[in-house]
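Colleague: I should like to learn how to read the features of a model such as this one. Might we begin with a single residue and work outward?

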Amino acid sequence: MPRLSAGPYQCSGRVEVFHGGSWSTVCDADFDQQDAEVVCRELDCGIPVKVLGSAAFGRGEGLVWTEELQCRGKESDISFCPISSSLKHSTCSHDNDVGLICSGYTEARLVNGPDSCSGRVELLYLGVWGTVCAVSWDMRAVDVLCAQLDCGSAVAVVEVDWFGEGSNHIWADVFDCQGKETHLSQCGISSWSRAACSHKHDAGVICNGSSVSLHEGRVRLSGGSECQGEVEVYFRQDWRRVLLDSWSQSEASVLYRQLGCGSVLNYHSSPTTTEHKHMCVTGFSCSGSEEHLRNCSSA
């Protein structure tokens, strides 16, 4: 039976095993990635993020385990792993205690949407489902989530009014993904201020495998020509004008690139009156180099 001690989270810390009636630390020379996979799995902590040597979580007490785990990585717990007498333990001390960081997150789901590929984001951590903060998510992380759920790639991160508020726990971690990972647990994790999160900020996601994505976010110019007219976005089952208060050359350039209309010859923006705002969607904030308006942030 293993445990992780002296770490900042339940799924990180110094690796210790219960053997002979007491807890012993493990030598970093005797512990590899396959062993880490089994320990994280047995503790219901997802997959390994990092194995750390040289007493990264402090020096333990008591004995240093004198045997070596030889897990293949697929075992459900370390009791099924072969064990051999370690030839290295004579040179190991508590200065060599191995540490382990597991992801903690084991499953993800999208709930309260019309299908399994759109909805409010919920993650399973130590057997408890919780929501996440929209402010801590970017499109690369959402791409990974959509791929993990076999839902294709990301279309949008949406506000809480799309799929409603969750309840109970809020997980305030930020997933630092490159976008090529196949599972969120493979992304680096940093902590977001939990004080900045509430269920009013629960993140929702639309993946392109969802029926919602078939039309949502499509853009057109209405005015008799494909490359001339008022900017409209298909949003919640209807074509709506974009609030043009912050529209600039950058946004216009991205729109024309997306529509295959070449370079912008001319554009103008005019403020939208209050009584028409319910017919509109928010603007976009683009750098001008994006391929698609959905790659821009919301204004």
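Modeller: Let us begin with Val132, which is buried, with a relative accessible area of 1%. Please bear in mind throughout that this is a predicted model.

Colleague: In which strand does Val132 lie, and with which residues is Val132 in contact?

Modeller: The general idea is to look past the neighbours in sequence. Val132 belongs to strand β10, residues 128-132. Leaving aside neighbours within four places in sequence, Val132 is in contact with Val121, Leu123, Trp137, Trp171, His201, Asp202 and Ala203. A further pair illustrates the point: Val132 and Cys197 are 65 residues apart in sequence, yet their C-alpha atoms are 8.2 Å apart in space.

Colleague: How many helices and strands does the chain have, and what percentage of its residues count as buried?

Modeller: The chain has four helices and 21 strands. Of its 299 residues, 44% count as buried. Sequence separation can also be read for the chain as a whole: among contacts between residues at least 6 apart in sequence, 65% join residues at least 24 apart. The accessible surface comes to about 15200 Å², and 49% of that area belongs to carbon and sulfur atoms.

Colleague: Which residues touch the most other members of the largest nonpolar core?

Modeller: A nonpolar core is read as a set of buried residues joined through side-chain atoms. Here the largest core has 44 residues, and Phe31, Leu100, Val121, Leu123, Trp137 and Phe175 touch the most other members. The elements that give two or more residues to this core are β2, α1, β7, β8, β9, α2 and β15. The largest share, five residues, comes from α2. Apart from this core lies another, of 14 residues, among them Val231, Val233, Tyr256 and Val264.

Colleague: What does Phe175 touch, not counting residues up to four places away in sequence?

Modeller: Phe175 touches Tyr105, Leu123, Ser136, Trp137, Ala141, Leu184, Cys187, Gly188 and Ile189. One of these, Cys187, brings us to the disulfides.

Colleague: How many disulfides does the structure hold, and how is the handedness of the Cys177 and Cys187 link to be read?

Modeller: The structure holds nine disulfides. Handedness is read from the torsion about the S-S bond. For Cys177 and Cys187 this torsion is about 105°, so the disulfide is right-handed. Both Cys177 and Cys187 lie in the loop between β13 and β14, so the pair ties together parts that are ten residues apart in sequence. The sulfur atoms of Cys177 and Cys187 are 2.1 Å apart. Cys177 is buried, with a relative accessible area of 0%, and Cys187 counts as buried at 1%.

Colleague: Where do Cys40 and Cys102 lie, and are they buried or exposed?

Modeller: The sulfur atoms of Cys40 and Cys102 are 2.0 Å apart, forming a disulfide. Cys40 lies in helix α1 and Cys102 in strand β7, so the pair ties together parts that are 62 residues apart in sequence. Both residues are buried. With -85° about the S-S bond, this link is left-handed. The link of Cys11 and Cys45 is also left-handed, with -75° about the S-S bond.

Colleague: How many salt bridges does the structure hold, and which residues are linked in a network of them?

Modeller: A salt bridge is read from the distance between a side-chain nitrogen and a carboxyl oxygen, with a cut-off of 4 Å. The structure holds seven salt bridges. Arg3, Arg14 and Glu16 are linked in a network. Within this network, the closest N and O atoms of Glu16 and Arg14 are 3.0 Å apart, and both of these residues are buried.

Colleague: How far apart in sequence are Glu165 and Lys200?

Modeller: Glu165 forms a salt bridge with Lys200, the closest N and O atoms being 3.7 Å apart. The two residues are 35 apart in sequence, with Glu165 in the loop between α3 and β12 and Lys200 in the loop between β14 and β15. Glu165 is partly exposed at 44% relative accessibility, whereas Lys200 counts as exposed at 58%.

Colleague: What is the phi of Ser54, and where is Ser54 placed?

Modeller: For backbone angles, one notes the sign of phi together with the residue type. Ser54 is not a glycine, yet its phi is positive, about 55°. Ser54 is placed in the loop between β4 and β5 and is exposed, with a relative accessible area of 55%. Asp150, likewise not a glycine, has a positive phi of about 60°. Asp150 is in the loop between α2 and β11 and counts as exposed at 72% relative accessibility.

How values were computed. Residues are numbered from 1 along each chain as its sequence is written. This is a predicted model: local features need pLDDT of at least 70, side-chain atom pairs count only at pLDDT 80 or more; totals for chains, interfaces and linings use all residues. Side-chain values use heavy atoms; hydrogens and water are left out. Buried means under 20% relative accessible area, exposed over 50%, partly exposed in between (1.4 Å probe, protein chains only). Contact means heavy atoms within 4.5 Å. Accessible areas come from the Shrake-Rupley method with a 1.4 Å probe; for residues, only the protein chains shown count as cover. A nonpolar core is a set of buried Ala, Val, Leu, Ile, Met, Phe, Trp, Tyr and Cys residues joined through side-chain atoms within 4.5 Å. A disulfide is a pair of cysteine sulfur atoms within 2.5 Å.
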